[in-house]
Amino acid sequence: MTTPGFRPTHVVPQQGMPAWKAPDPARPTVALDPLLPVRLVERRGDWGHVLCSNGWSAWVDGRHLVAVPQDPPISGDPLTTAADPRPLLGRTEQALARYRAAVEELAAGGLDGETFRRRTQGLRIGVVVDGESMWLYDPAQARWAYGDGTRLSTYAAEGPPAAAEDAAEDLGHAPTRVVTGDGEPR
């Protein structure tokens, strides 16, 4: 049963996903069902704390959650660099231009196969554009990002979530702790 007024921000990927009681791989819990609507309520690095439509909550690898399209933002504020698709689009264009230049040189006979391989080694790009929807591969973050023209959000990532300690370092502060009414951490 869905909680009244529940508005999901994401859904679980179509293959389902493992879940944990805390952002700690040693504390697994029941896996989440495929395409389950969830609301992302907290991030700690790669970890995401989700609230399920039935009121249950768990920690997941937040990079694998599929974003639910939301109404466009109404504020006239400029895009933040983290959400702005233009820098990643620019890096993708540069990588594609480098690859195309190497292909042109190879086709013209100016490169041999080994030199072509060395010149293109490490180049990784991925772009899918379907109308207003766009998926871009970000090699620096080893993730696919989804964009709607106004912002980017992680669509899928390659590796496991970073440890909570790593996430705290990324945030520049210690992880948030839940404290009971008597002041003791849970």
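## Exercises on a predicted model

In this predicted model, Asp112 caps helix H2 (residues 113–120) at its N-terminal end, with a side-chain oxygen 3.3 Å from the backbone nitrogen of Glu114. The exercises below begin with this helix.

**Exercise 1. Describe what lies at the two ends of helix H2, and state which residue takes a positive phi just after H2.**

Solution.
- Step 1. At the N-terminal end, the capping residue is Asp112, and the backbone nitrogen involved belongs to Glu114.
- Step 2. Just after H2, Gly122 adopts a positive phi of about 85°.

**Exercise 2. Determine the order of helices and strands along the chain.**

Solution.
- Step 1. The chain contains three helices and 11 strands.
- Step 2. Along the sequence, they follow the pattern β-β-β-β-β-β-β-α-α-β-β-β-β-α.
- Step 3. Of the contacts between residues at least 6 apart in sequence, 47% join residues at least 24 apart.
- Step 4. The chain has 186 residues, and buried residues account for 30% of them. Its accessible surface amounts to about 12,000 Å², with 54% belonging to carbon and sulfur atoms.

**Exercise 3. Establish in which sense strands S5 and S6 pair, and why S6 is described as largely enclosed.**

Solution.
- Step 1. Strand S5 (residues 47–52) pairs with S6 in the antiparallel sense, over five bridges. One bridge partner can be named: Leu51 is matched with Ser57 in S6.
- Step 2. The two strands form a hairpin with four residues between them, and Gly55 in the turn has a positive phi of about 95°.
- Step 3. Strand S6 covers residues 57–61, and four of its five residues are buried, so the rest of the structure largely encloses this strand.

**Exercise 4. Analyse the salt bridge between Asp46 and Arg63: where do the two residues lie, and is each buried or partly exposed?**

Solution.
- Step 1. The two side chains meet at 3.7 Å, N to O.
- Step 2. Asp46 is in the loop between strand S4 (37–44) and S5, while Arg63 is in the loop between S6 and strand S7 (66–67); the pair therefore ties together parts 17 residues apart in sequence.
- Step 3. Asp46 has a relative accessible area of 21% and is partly exposed, since the buried class requires a value under 20%. Arg63, at 11%, is buried.

**Exercise 5. Compare the accessibility classes within two further salt bridges, Arg86 with Asp84 and Arg119 with Glu105.**

Solution.
- Step 1. Arg86 and Asp84 meet through their side chains at 2.6 Å, N to O. Arg86 is exposed at 56% relative accessibility, whereas Asp84 is buried at 9%.
- Step 2. In the bridge between Arg119 and Glu105, the closest N and O atoms are 2.6 Å apart. This pair links distant parts of the chain, with Arg119 in helix H2 and Glu105 in helix H1, 14 residues apart.
- Step 3. Arg119 is partly exposed at 39%, and Glu105 is partly exposed at 31%.
- Step 4. Salt bridges with shared partners also join Asp46, Asp61 and Arg63 into one network. The count of salt bridges is eight.

**Exercise 6. Identify which residues form a nonpolar patch on the surface, and place Tyr99 within the chain.**

Solution.
- Step 1. The patch consists of Leu96, Tyr99, Val103 and Ile125, whose accessible area together is about 330 Å².
- Step 2. Tyr99 belongs to helix H1 (residues 86–107).
- Step 3. With 38% relative accessibility, Tyr99 is partly exposed. Patch residues must have over 30% relative accessible area.

Methods. Residues numbered from 1 in each chain as written. Predicted model: local features only at pLDDT ≥ 70, side-chain atom pairs only at ≥ 80, totals over all residues. Heavy atoms only, no water. Polar contact = N/O pair within 3.5 Å; in protein donor to acceptor, adjacent residues only side chain to side chain. Buried < 20%, exposed > 50% of the residue type's maximum accessible area, 1.4 Å probe, protein only. Pairing = 2+ DSSP bridges. Contact = heavy atoms within 4.5 Å. Areas by Shrake-Rupley, 256 points an atom, 1.4 Å probe, with all protein chains shown as cover. Patch = residues over 30% accessible without salt bridge, like charges linked within 9 Å, V, L, I, M, F, W, Y side chains within 5 Å. Salt bridge = Lys/Arg side-chain N within 4 Å of Asp/Glu carboxyl O.
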